[in-house]
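User: I am new to this structure and would like to be led through it with a few careful questions and answers. Where should we begin?

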Amino acid sequence: VGGGPLDLPYLQAKAKAIRARDWTPSFSVANAAKDGDLITAAAQEAGIRLDVAPAAAARFRRAADAGHGDDDMAAGYL
């Protein structure tokens with residue numbers, strides 16, 4: 001993504017953490033799952049269909065269930 005429209009500092013930071021397997025939390029997997037669920041619920045109440053948010057929340061829940069709930073959300077990669 002370097003140099004492209006998705007070359008964002010946040011993406012670069014999370015990609016670096018994933019490559020280094022550095023799960024030092026700045027925003028935990030458990031919080032990412034919770035927020036994904038809240039976003040999905042709010043969208044449903046508003047009659048809006050989301051595809052990515054529910055999938056991301058499910059991925060974070062799986063990572064939490066695998067023991068990574070307190071790790072940085074980059075551990076959702078696992």
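Analyst: A term is needed before anything else: a nonpolar core is a set of buried Ala, Val, Leu, Ile, Met, Phe, Trp, Tyr and Cys residues joined through side-chain atoms within 4.5 Å. Please keep in mind that this is a predicted model.

User: Which helix supplies the largest share of the largest nonpolar core?

Analyst: The largest nonpolar core has 9 residues in all, namely Ala 17, Trp 23, Val 29, Ala 32, Ala 33, Phe 60, Ala 63, Ala 74 and Ala 75. At least two residues of this core come from helix H2 (29-45), and at least two from helix H3 (52-68). The largest share, 3 residues, is supplied by H2.

User: Is Ala 63 buried or exposed?

Analyst: Ala 63, a member of that core, has its place in helix H3. Leaving aside neighbours within four places in sequence, Ala 63 is in contact with Val 29, His 68, Gly 69, Ala 75 and Gly 76. Because buried means under 20% relative accessible area, and Ala 63 has 4% relative accessibility, Ala 63 counts as buried.

User: With which side chain does the side chain of Lys 14 make a polar contact?

Analyst: Lys 14 is found in helix H1, which covers residues 9-20, and at 15% relative accessibility it counts as buried. Not counting residues up to four places away in sequence, Lys 14 touches Ser 26, Asp 72, Met 73 and Ala 74. The polar contact made by the Lys 14 side chain, at 2.7 Å, is with the side chain of Asp 72.

Definitions and conventions: Residues are numbered from 1 along each chain as its sequence is written. This is a predicted model: local features need pLDDT of at least 70, side-chain atom pairs count only at pLDDT 80 or more; totals for chains, interfaces and linings use all residues. Side-chain values use heavy atoms; hydrogens and water are left out. Buried means under 20% relative accessible area, exposed over 50%, partly exposed in between (1.4 Å probe, protein chains only). Helices (H or I, at least four residues) and strands (E, at least two) are DSSP runs, numbered from the N terminus. A polar contact is a pair of N or O atoms within 3.5 Å; within protein, one must be able to donate a hydrogen and the other to accept it, and residues adjacent in sequence count only if both atoms are side-chain atoms. Contact means heavy atoms within 4.5 Å.
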